[in-house]
Amino acid sequence: MVLLRRVIGDALRARRQGQHRTLREVSSAANVSLGYLSEIERGQKEPSSELLAAICDALGARLSELLREVSDTVALAEQMPGVLVPVQDETVDTTGVTAVRKATGRGVHQVSSDGKVAVQVRQDSPLKATLRTSRVRGGDRDVVCAA
């Protein structure tokens with residue numbers, strides 16, 4: 001299961017880091033405490049729509065852009081086969097989505113890309129998964145899974 005608050009937090013952190021800004025700078029501009037913004041970015045807290053709009057404004061981003069990015073990530077994650085099931089090394093191509101899965105001693109690692117967004121899932125246990133997203137540059141659809 002993909003937690004929306006984690007995907008939102010990852011998207012906010014990626015935008016902030018892409019601008020080379022600190023948590024302190026963005027928290028001050030958004031009028032939110034540094035600790036609370038940190039918890040939002042780590043997916044521990046779910047921001048209200050008003051707070052999310054304030055953070056987006058502080059980052060110079062439109063709320064619709066952020067929500068579209070989050071939506072793309074969630075849609076891609078939903079297409080990933082076997083996210084919660086331990087599997088052996090294999091490559092899967094379903095409906096234009098390329099996925100690579102690798103079972104390791106530290107959990108199952110899976111990377112998937114639709115050519116625009118890449119999603120990496122690390123399944124540490126049946127109840128704990130870490131989801132990371134990134135934009136694919138140049139339309140390259142080759143995806144590499146590094147454990």
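A residue is described as buried when its relative accessible area is under 20%, as exposed when that area is over 50%, and as partly exposed in between. In the predicted model examined here, Ser27 has a relative accessibility of 6% and therefore counts as buried. By this criterion, buried residues make up 41% of the 147 residues in the chain.

The chain contains five helices and five strands. Read from the N terminus, the order of these elements is α-α-α-α-α-β-β-β-β-β. Contacts between residues 24 or more positions apart account for 48% of the contacts in the chain that have a separation of 6 or more.

The surroundings of Ser27 were examined further. This residue is found in helix α2. A polar atom of the Ser27 side chain lies 3.1 Å from the backbone oxygen of Arg24. When neighbours within four places in sequence are left aside, Ser27 is in contact with Val32, Ser33, Leu34 and Leu37.

Ser27 also takes part in the packing of helix α2 on helix α3. The axes of α2 and α3 come within 9 Å and cross at roughly 110 degrees. Angles of 65 to 115 degrees count as roughly perpendicular, and α2 and α3 are therefore roughly perpendicular to each other. On the α2 side the contact is made by Leu23, Arg24, Val26 and Ser27, and on the α3 side by Leu34, Leu37, Ser38 and Glu41. Sorted by class, the residues of the contact between α2 and α3 comprise four nonpolar, two polar and two charged.

One participant in this contact, Glu41, is found in helix α3, which spans residues 34-41. Glu41 counts as buried because its relative accessibility is 4%, a value that falls under the 20% limit. Apart from neighbours within four places in sequence, the residues in contact with Glu41 are Gly9, Asp10, Leu12, Arg13, Arg16 and Leu23.

A second helix pair was analysed in the same terms. Helix α4 covers residues 49-58 and helix α5 covers residues 63-78; their axes come within 9 Å and cross at roughly 105 degrees. This angle, too, lies in the range of 65 to 115 degrees, so α4 and α5 are roughly perpendicular to each other. Leu52, Ala53 and Cys56 of α4 meet Leu63, Leu66 and Leu67 of α5. The residues of this contact divide into six nonpolar, no polar and no charged.

In soluble globular proteins, nonpolar side chains tend to be buried together. In the present model, the largest nonpolar core has 19 residues, of which Leu12, Val26, Leu37, Ile55, Leu66 and Val70 touch the most other members. Two or more residues are given to this core by each of α1, α2, α3, α4 and α5. The largest share, five residues, comes from α4. Val26, one of the core residues named above, touches Arg16, Arg21, Leu37, Ile55, Ala58 and Leu59, not counting residues up to four places away in sequence. Apart from the largest core lies another, of five residues, among them Leu76, Ala77, Val119 and Val121.

Two loop residues were considered for their backbone conformation. His20 lies in the loop between α1 (4-18) and α2 (23-30). The phi angle of His20 is near 55 degrees, a positive value in a residue other than glycine. With a relative accessible area of 72%, His20 is exposed, since the limit for this class is over 50%. Asn31 is found in the loop between α2 and α3, and the phi angle of Asn31 is near 60 degrees, likewise a positive value in a residue other than glycine. Asn31 is exposed, with a relative accessible area of 72%.

Asn31 also provides a link to helix α4 through its position relative to Ala54, a residue that lies in that helix. The C-alpha atoms of Asn31 and Ala54 are separated by 7.8 Å, although the two residues are 23 residues apart along the chain. Ala54 has a relative accessibility of 25% and therefore counts as partly exposed.

Methods. Residues numbered from 1 in each chain as written. Predicted model: local features only at pLDDT ≥ 70, side-chain atom pairs only at ≥ 80, totals over all residues. Heavy atoms only, no water. Axes fitted to C-alpha atoms, helices over the stretch in contact; angles between N-to-C directions. Helix = DSSP H or I, 4+ residues; strand = E, 2+ residues; numbered from the N terminus. Parallel < 35°, antiparallel > 145°, perpendicular 65-115°, else oblique. Contact = heavy atoms within 4.5 Å. Nonpolar A, V, L, I, M, F, W, Y, C, P; charged D, E, K, R; others polar. Buried < 20%, exposed > 50% of the residue type's maximum accessible area, 1.4 Å probe, protein only. Core = buried A, V, L, I, M, F, W, Y, C linked by side-chain atoms within 4.5 Å. Polar contact = N/O pair within 3.5 Å; in protein donor to acceptor, adjacent residues only side chain to side chain.
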